[in-house]
Amino acid sequence: MRLEEARIAVDEALSAYRRCVEAEVEEYGPEYERVTFMEYEAPAPDPCAEAFSRLVEAVRAYEAAGGSREDLDLGRERKRVYEALDKG
């Protein structure tokens, strides 16, 4: 994968993750924190957790293509993405 393609994949994955979180916030309103905590504890798949995993994999592919994670504009997700990358 070329570097520019990898960057586009990161941007698309980040956008998909943010849309997922926004939809859940809108759906659950003030209960969002409680519901997402329950989702993380449940064995069923969580669509936003899956979207986040795709984002992490896109950043990993970007790095494999020769890019640097510091060059990506991950915004408020930066710390969490870096933590996930450094774990695995």
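The legends below describe several views of one predicted protein model.

Residue numbers start at 1 along each chain as its sequence is written. In this predicted model, local features need pLDDT of at least 70 and side-chain atom pairs count only at pLDDT 80 or more, while totals for chains, interfaces and linings use all residues, and side-chain values rest on heavy atoms, with hydrogens and water left out.

**View 1. The whole protein chain, with 4 helices and 0 strands.**
Helices (H or I, at least four residues) and strands (E, at least two) are DSSP runs, numbered from the N terminus, and in the protein chain the elements follow one another as α-α-α-α. The C-alpha atoms occupy a box of roughly 40 × 25 × 20 Å along the principal axes. Of the 88 residues, 33% are buried, where buried means under 20% relative accessible area, exposed means over 50% and partly exposed lies in between (1.4 Å probe, protein chains only). Contact means heavy atoms within 4.5 Å, and among the contacts with a separation of 6 or more, 62% join residues 24 or more positions apart.

**View 2. Helix 1, residues 3-28, from end to end.**
Helix 1 has 26 residues, which at 1.5 Å a residue should span 38 Å (the expected span being 1.5 Å times one less than the number of residues), and the 37 Å between its end C-alpha atoms agrees with this. Its buried residues are A6, V10, A13, L14, Y17, C20, V21 and E24. An α-helix has 3.6 residues a turn, so residues three or four places apart point the same way. After helix 1 comes G29, which has a positive phi near 55°.

**View 3. The largest nonpolar core, a set of 21 residues.**
A nonpolar core is a set of buried Ala, Val, Leu, Ile, Met, Phe, Trp, Tyr and Cys residues joined through side-chain atoms within 4.5 Å. Within the largest of these cores, the residues with the most contacts are V10, F52, L55, V59, L72, L74 and V81. Two or more residues each are given to this core by helix 1, helix 3 (47-64) and helix 4 (78-87), and helix 3 supplies the largest share, 8 residues. Apart from neighbours within four places in sequence, V10 is in contact with L55, A58, V59, Y62, L72 and L74.

**View 4. R69 and G67 in the loop between helix 3 and helix 4.**
R69 counts as buried because its relative accessibility is 14%. Not counting residues up to four places away in sequence, R69 touches V59, E63, R78, Y82, L85 and D86. G67, also with 14% relative accessibility, counts as buried, and, with residues up to four places away again set aside, G67 touches L3 and Y62. G67 and E4 are 63 residues apart along the chain, and their C-alpha atoms are separated by 9.1 Å.

**View 5. R7 in helix 1 and its surroundings.**
With 26% relative accessibility, R7 counts as partly exposed. Leaving aside neighbours within four places in sequence, R7 is in contact with Y62, D71 and L72. Between R7 and G75 there are 15 Å in space, C-alpha to C-alpha, and the two are 68 residues apart in sequence.
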